[in-house]
Structures are given as structure tokens and as C-alpha cells.
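Here is a friendly walk through one protein chain, meant to be read with the structure open beside you. We will go from the overall make-up to the cores, then to the strand pairs and the charged pairs.

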Amino acid sequence: MEYRLKAYYREGERPAALRRVGKLPGVIYNRSLNRKVYVELSEFDKVFRQASIHHVIVLELPDGQELPTLVRQVNLDKRRRRPEHVDFYVLSDEPVEMYVPLRFVGTPVGVREGGVLQEVHRDILVRVSPRNIPEYIEVDVSGLGIGDSLHAADLHLPEGVRLAMPPEETLAAVVPPEDVEKLAAMAAEAPAEPEVIRKGKKEEEA
């Protein structure tokens, strides 16, 4: 699914002044590009709630350019928990590392036997060409018995998608009910998605 967002080049506007009128300052960048922009905060909120870091957001610029991007970082106001700055990484034909959601399907054998399926990761880090970014990766867990674990190395990735995280990383496991708390602690230590939301300002005011 494609998401679109209007963006505007920044010239002399101060970030604080833009924020006061409902704009969100940001940058668009890659190896050959680095340009200051801003977007409407309300529109960004709508799009980012759906696209998150997992989907391409096409930025529509005033000069007619349409740039496919991924959100790489969002800085939040410490008190209001409101976005203050956003980094958009502009995609080219070069492969990029990104997180792709996992979709677990099937009822594990172990669950039928009284175990509990614990999802440790909800997404995985992969390296992929922007043209081949999957919307999600389906994971069949029906064969897992009590005590079995599914690791990153066990995934059957689509063509052109390579694993970019440790292959031994546990993604899901079927555990006896008494072990649920232990696995829940593992899930708490591994963030559900990468740290792109950070506190503090991206740009210091002059």
C-alpha cells in the first residue's frame, strides 16, 4: 500500500515558528541529498499512524518531485509527547535495511496441548531493494509444540529479501503456562519496533 504526504522546502523559516503554526520541521536525505523540509503536523500524524516505519511514504514536493521515503527518526517534545522533527530517508535503487512486520498464522500444536504462544518479535530487520519491500512476512507457527521456538533463521523470506538481524534471534515460542512470565520478560527487552521515536529537539534554535 502506498502512502502520500505533501512536503514543502524550508528556506529561512525557524523550526520553532513552524511548530507554532502546526507545521513539523524535518529533513529529506540519502547519500547524495540533504534538504530541509516541513510537513503539516496533522497530516503527518494521520499518515504515520498507518505507515509507521514499515511502509513507503511518497513525499509530494512543490517542484513536482515525488520522492519515496521511509521515516528514520521522529523527535518528540519531552513534555507534550508531540513530534518536533522528522527524518525522511529518500529511497533509491540501492538496498536498504528496514523493519518488516511479521504475520503469525496457524494454531500451534503446542497450544492445542495446553501451551501458550508467545510472540517475542512483531517485526524483523531485513535488507531489501525498495522495489521489493514486502508489506509483511507470513510466518506459519502451526508446527510448534510445547517447548519449541521459532528463530529468525527459520523464516522463509521472499525473493530479494535478506535477513539483517542475528539468525539465532527468537521470534516466537510455545511455552507451558507457568513459563509465560519468563517469555514476556524477553519480549519486554526486545522493542516491538526499532527506536525511531526519540525525545528532545533535532535542531537547536539559533
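The chain folds into four helices and 14 strands; helices (H or I, at least four residues) and strands (E, at least two) are DSSP runs, numbered from the N terminus. This is a predicted model, in which local features need pLDDT of at least 70, side-chain atom pairs count only at pLDDT 80 or more, and totals for chains, interfaces and linings use all residues. Residues are numbered from 1 along each chain as its sequence is written, and side-chain values use heavy atoms, with hydrogens and water left out.

**Overall make-up**

Of the 206 residues in the chain, 45% are buried. Here buried means under 20% relative accessible area, exposed means over 50%, and partly exposed is in between (1.4 Å probe, protein chains only). The chain exposes about 11500 Å², and carbon and sulfur atoms supply 46% of that area; the areas come from the Shrake-Rupley method with a 1.4 Å probe. Taking contacts (heavy atoms within 4.5 Å) between residues at least 6 apart in sequence, 68% join residues at least 24 apart.

**The nonpolar cores**

What does the largest nonpolar core contain? It has 26 residues, and those with the most contacts inside it are Leu-102, Phe-104, Ile-124, Val-126, Val-139, Leu-150 and Leu-155. A nonpolar core is a set of buried Ala, Val, Leu, Ile, Met, Phe, Trp, Tyr and Cys residues joined through side-chain atoms within 4.5 Å. Strands β7 (96-105), β9 (123-128), β10 (137-140) and β13 (170-175) each supply at least two residues of this core, and β7 gives the most, with five residues. Domain 1 (3-90) and domain 2 (96-189) both give residues to this core, so it lies between them; the domain bounds come from an automatic or database domain assignment.

For a look inside, try Leu-155: leaving out residues up to four places away in sequence, Leu-155 touches Leu-102, Ile-124, Val-139, Leu-150 and Leu-171. Apart from this core lies another, of 24 residues, among them Ile-28, Phe-44, Ile-53 and Val-86.

**Two covered strands and their partners**

Strand β2 (residues 23-30) is mostly covered, with seven of its eight residues buried. Two strands pair if DSSP finds at least two bridges between them. By that rule β2 runs antiparallel to strand β3 (residues 33-40), joined by eight bridges, and a hairpin of two residues links β2 to β3. In this pair, Tyr-29 stands opposite Asn-34 in β3. Strand β2 also runs parallel to β6, with four bridges between them, and here Gly-26 stands opposite Val-86 in β6.

Strand β13 is mostly covered too: six of its six residues are buried. It pairs in the antiparallel sense with strand β8 (residues 116-119) over four bridges, and with strand β11 (residues 149-151) over three bridges, again antiparallel. Ala-173 in β13 is the bridge partner of Gln-118, and Ser-149 stands opposite Ala-173 as well.

**Charged pairs**

How many salt bridges does the chain have? The count comes to nine, where a salt bridge is a side-chain nitrogen of Lys or Arg within 4 Å of a carboxyl oxygen of Asp or Glu. Three of these pairs are set out here.

| Salt bridge | N to O distance |
|---|---|
| Lys-6 and Glu-60 | 3.3 Å |
| Asp-93 and Arg-131 | 3.1 Å |
| Glu-119 and Arg-122 | 2.8 Å |

Lys-6 lies in strand β1 (residues 3-9) and Glu-60 in strand β4 (residues 57-60), so this pair ties together parts that are 54 residues apart in sequence. Glu-60 is partly exposed, with a relative accessible area of 22%.

Asp-93 lies in the loop between β6 (83-90) and β7, and Arg-131 in the loop between β9 and β10, so their salt bridge ties together parts that are 38 residues apart in sequence. Asp-93 is exposed at 55% relative accessible area, and Arg-131 is exposed at 68%.

In the third pair, Glu-119 is partly exposed at 25% relative accessibility, and Arg-122 is partly exposed at 48%. Salt bridges that share partners also join Arg-4, Lys-6, Glu-60 and Glu-66 into one network.

**One more loop residue**

Asn-132 is found in the loop between β9 and β10 and is partly exposed, at 39% relative accessibility. Asn-132 and Pro-95 are 37 residues apart in sequence, with their C-alpha atoms 9.3 Å apart in space.
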